[in-house]
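Q: Please take a close look at one part of this structure, and then set it in the context of the rest.

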Amino acid sequence: MSDVTTISPTPEGPPQPEPLHRQLGVTDEELAAIRGKLGRDPNHVELAMFSVMWSEHCSYKSSKPLLKTLPTRGNGMMAGPGDNAGVVRIGGGLAVAFKIESHNHPSAVEPYQGAATGVGGILRDIFTMGARPIAVLDALRFGDPTDPRTRLLVDGVVRGVGGYGNCVGVPTVGGELVFDPSYQGNPLVNVMAIGLLEERMLILAEAPGPGNYVVLFGSTTGRDGIGGASVLASATFADSDPNKRPTVQVGDPFAEKLLIEASLELIDRRLVEGIQDLGAGGISCASSESADKAGTGILLDLDAIPRREPGMAAWEVMISESQERMLATCRPENYPAVREVCERWGIPIALVGRVTIDGDIAIVEGGIGPDGLPNSGATEIARIPAKALASEAIVHYRLATPPTRRRQAPAPGIPLTAQDGLPERGMDPAAVLVALLGSPNLSSRHWVYEQYDACVQSNTVEWPGHGAAVLRVKGTRKALVATTDGNQSVSALDPYLGAQLSVAEATRNVSITGARPLGITNCLNYGNPERPEAFWQLQEAVRGMGDACRALGIPVTGGNVSLYNEYQGGAIAPTPEIGVVGLLDDISLLVRPPFTTEGDSVVLIGHSAPGMAGSAYAALAGLSSEDAPPTLDLDREAALQSFVREAIGRGLVASAQDVSGGGLAVAIAECCMWSGLGARLRLGVSGSPAIELFGESPGRLVLSSRPRHAPAIELLARQFGLTAETLGTVGGDRLRIELTGQGATGAAEERGSRVADALDVALADLRHTWDHGLAHALGLEPAPGHEPGPASEPASSGIATDRGD
Amino acid sequence: MRIGVVTFPGANSDVDALNAVAVAGVDAVTLWHESTDLQGVSAVILPGGFAYGDYIRAGVIARFSPVMRGVSGFAAAGGPVLGICNGFQVLAEAGLVPGALLRNRSLRFACRLVAIKPERLDSPFTRAASGQPIHIPIAHGEGCYYADEATLDELERAGQVLFRYVREDGTPALDPDEPANPNGSLRAIAGVCNAAGNVAGLMPHPERMAESILGSDDGMQLIRSVVESAREWEAAGRPAATAPAKAEAR
């Protein structure tokens, strides 16, 4: 890839050889702590095991003290943080498992495999709990969409997510795609998976019962992904460094599909006592965590582990992150049946060890006898207390200090004409709306999600593109509603507020369907925690997320922390990615964002507040980020979500849409475009038309209803302490918003501005810009006889710079 | 009467086919890839997915599986066989239906609703169809139907073209580059049958749009067609298939 050469690599430390522990990413301080745990020097194998288990990725050594403060208790929770995925009851003997996880650095190094194995890893977290994966959502963040390298990354990541999810037969039903310059060298690939299980299927990642067999099944073990957790995920990096290539795993979705079927059959038939997938840290992580959770130990027979290639050193086998592998414990009498299941599904299986009582992870070469003891002549090559690797791994209490300078981030790929396209500057607000809808961050994502199988398993009620995903639960009247949201632009200005806004928007997007959020899972993407400024951002985000969840009464059911997201000294915009799953008890009550009926009333709930910083409008206008972002009233947010669920439950609401990116005008435009129905509205403007139309202050909804229901909606809103205003009616093939009140033309003219007194535009025009915006930005717009693709030549990428035309 | 759905390792839309057949009120049984025994079913559906991973070429390995020997015998005896998506690819690789499925012209996997229209309503796979455009999803990376010109002419002459991708106005999307033709299929062909008329392949997924809760039950028209054909074939004592009457001149 010639593009790689355009990225100047970061030098890999001093020339003289580092001591082994540092090469493995273990600090001198940590080495001393390891000596303390063992009472001696670790050997090479042991040091390698510690290096992955004490990595940020596996041990959460920096974030653990913060995560402890999160609210993790909720009704019906069967599993939560610390387990592979959160599990919450949904009634009728059923439960839902969900979790979000990052695969950022692998995707930056090798976008296809990085993203693909990101999907594979999170799916294993789900079926390891006994749940059948039913949906995937992918939250993706990249740099400048007009940059050739970004286009390669977008193409590779999207192909990778699809290549894995499509093959394994789990629909990808939603997600996000955001462009921001801060992700230029360090894209974010966060993947959320959802699974459905009968409560009786729930199984934990434990290795109980001394004497039980420890079996390894799935793919064989190779050299791929060695040091993935320690070297790649837990350090800042130069993505062009070829030496990091082998640290990226290679995915085999076909093997994963077989693994799902075999694992769920083993669990369903009660053939295994505990089961854990092999992800980061490989067999070292799976064995030590399983033993630690059960208060047991594991004796491993190194020679029994099936290899993909000859000549692998013991330490390589122990920390290999080869994909599609599972570690399970079973009673000796069940082993033949376990074997039969795996062989029927064509999956290699090996008896690799025994559960012991001594609490140690012990590894021998030379085999284990029928008595479960090492053969005479076998040599023990490693022995470490399981808890020293897992629950008692080192914890770092990092220094946190607020940053001295603020970041200003105008979004990339903005059409030049939009610079003048602001009401304050005398241009038609419709032109601003069109520019916003065509911008890389607000335009339609269909190019992405049409590469994902969204309907396999026959549960998809709401396809991607129009708000939260909706999945029916077969055999019930229930539906699950899922979304991911993360606000990096406000987080860059105020990480506490940004995290609150992320939780508020994600849960709001679930509530406006009528569903009740069951819990949130979170993927915290931040910079190097050893830098006090970056750690402060993480600290503030966890505080904000916790406060928001407490105010909304929603538990945090699990999550993942991705630190060291920096490239050549620059940290990404702090990105708290929030995944939510909600439960709708009666799917017949489902409400969606698009308008439904000509003549319906359009009601605005909540009122706008000043503060344009971090908004799409601010980015479009190139406004300084020194302006304050809008504030969030968590109590009002809670009231808003309770109100909308109540209104929907009473059958008053025909459609419900929240006001977020691009503000009220974009929210209404989406209701129109997605339904093909226009609207004729009047909007009272007290202050600035720009704030009213394009401000992103939270806590607002656009509802439509039968005209006779509008008064009831307004009354109910007031009962919840919310303002409500009927703006007009649905209909026609244009969106027309008349601006009224002293804030509109009058006051604006006093400010020397010539604002059009109405936003008036044909749906067809909105639809066209919105449909083509992303393709334009990525240079994909198909020219005749030209094969589209982000990797296409500059000739086509030139299109992106002509977007004003 | 029972309808069999083949489960290859890597099949993933078998659950959709089993679900749709059950919704149609018929017993559905899974036919395991390692067995040639079709358990006396009255029709066979080869479902979508990635049989054996499809790493080499879609369907190229599945055609050699034991169950396909059973399916070939079943087809030769006149039993109704419908291959959907990957199932179509397997049937084409096995030579049980004419033509081949190439990579989509976009060289990308494509999943979205498309409109197809049955070319004839007197086939075992369209008998319960309304004749209006049917809106069902595609989800494939290799769905571009290809055959040489002579074969295409012969297929049309013999009435073996069962479905075409159509525009909103119901006319066939003959231009391989127009949006209504989602994969560049020649002559907008979405589904074909063998000369005897009892084996059909179809790229879009009727079984995934067979319940109104999922947005539409358009696909049920085709599932019901298979069910009726299976019943009739069973009732008639499992007769050998006869070539379909020529399609009406278009």
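A: Over residues 1-11 of chain A, pLDDT (the predictor's confidence in each residue, from 0 to 100) stays under 50, and the model has 14 contacts there beyond four places in sequence, two residues being in contact if their C-beta atoms, placed from the backbone, lie within 7 Å. Where pLDDT is low, the predicted coordinates should not be read in detail. This is a predicted model, in which local features need pLDDT of at least 70 and side-chain atom pairs count only at pLDDT 80 or more, while totals for chains, interfaces and linings use all residues. Residues are numbered from 1 along each chain as its sequence is written, and chains are lettered from A and ligands numbered from 1 in the order in which they are written.

Residues 783-805 of chain A also have pLDDT under 50 throughout, and for them the model has 39 contacts beyond four places in sequence. Chain A as a whole averages a pLDDT of 87, and 87% of its residues score at least 70.

The secondary structure of chain A consists of 28 helices and 28 strands, where helices (H or I, at least four residues) and strands (E, at least two) are DSSP runs numbered from the N terminus. Of its 805 residues, 64% count as buried, a residue being buried if 20 or more other C-beta atoms lie within 10 Å of its own, exposed if 12 or fewer, and partly exposed in between. Among contacts in chain A between residues at least 6 apart in sequence, 82% join residues at least 24 apart.

Within the largest nonpolar core (a set of buried Ala, Val, Leu, Ile, Met, Phe, Trp, Tyr and Cys residues joined through C-beta atoms within 7 Å) there are 336 residues, and Met49(A), Val96(A), Leu433(A) and Leu436(A) have the most contacts inside it. The element that gives the most to this core is helix α20 (residues 532-552) of chain A, with ten residues.

Leu433(A) and Leu436(A) are among the buried residues of α16(A). Because eight of the nine residues of this helix (residues 429-437) are buried, α16 of chain A is largely enclosed by the rest of the structure. Its buried residues pack against α21 (616-621), α23 (663-673), α24 (689-694), β28 (758-762) and α27 (763-778) of chain A. Not counting residues up to four places away in sequence, Leu433(A) itself touches Ala665(A), Val666(A), Ala669(A), Leu759(A) and Val761(A).

Elsewhere in chain A, Asn487(A) sits in the loop between β16 (479-485) and α18 (488-493), and Asn487(A) counts as buried because 30 other C-beta atoms lie within 10 Å. Beyond its neighbours within four places in sequence, Asn487(A) is in contact with Gly498(A), Leu501(A), Ser502(A) and Glu505(A).

Turning to the second chain, 22 residues of chain B are in contact with 24 residues of chain A. On the side of chain B that touches chain A, α1 (14-23), β6 (110-118) and β7 (134-140) each supply at least two residues.

Chain B also has two residues with a positive phi that are not glycines: Tyr52(B), at about 55 degrees, and Asp54(B), at about 50 degrees. Most residues other than glycine have a negative phi. Tyr52(B) is found in the loop between β3 (43-46) and α2 (66-76) of chain B, and Asp54(B) lies in the loop between β3 and α2 as well. Tyr52(B) is buried, with 21 other C-beta atoms within 10 Å, and Asp54(B) counts as buried with 22 C-beta neighbours inside 10 Å.
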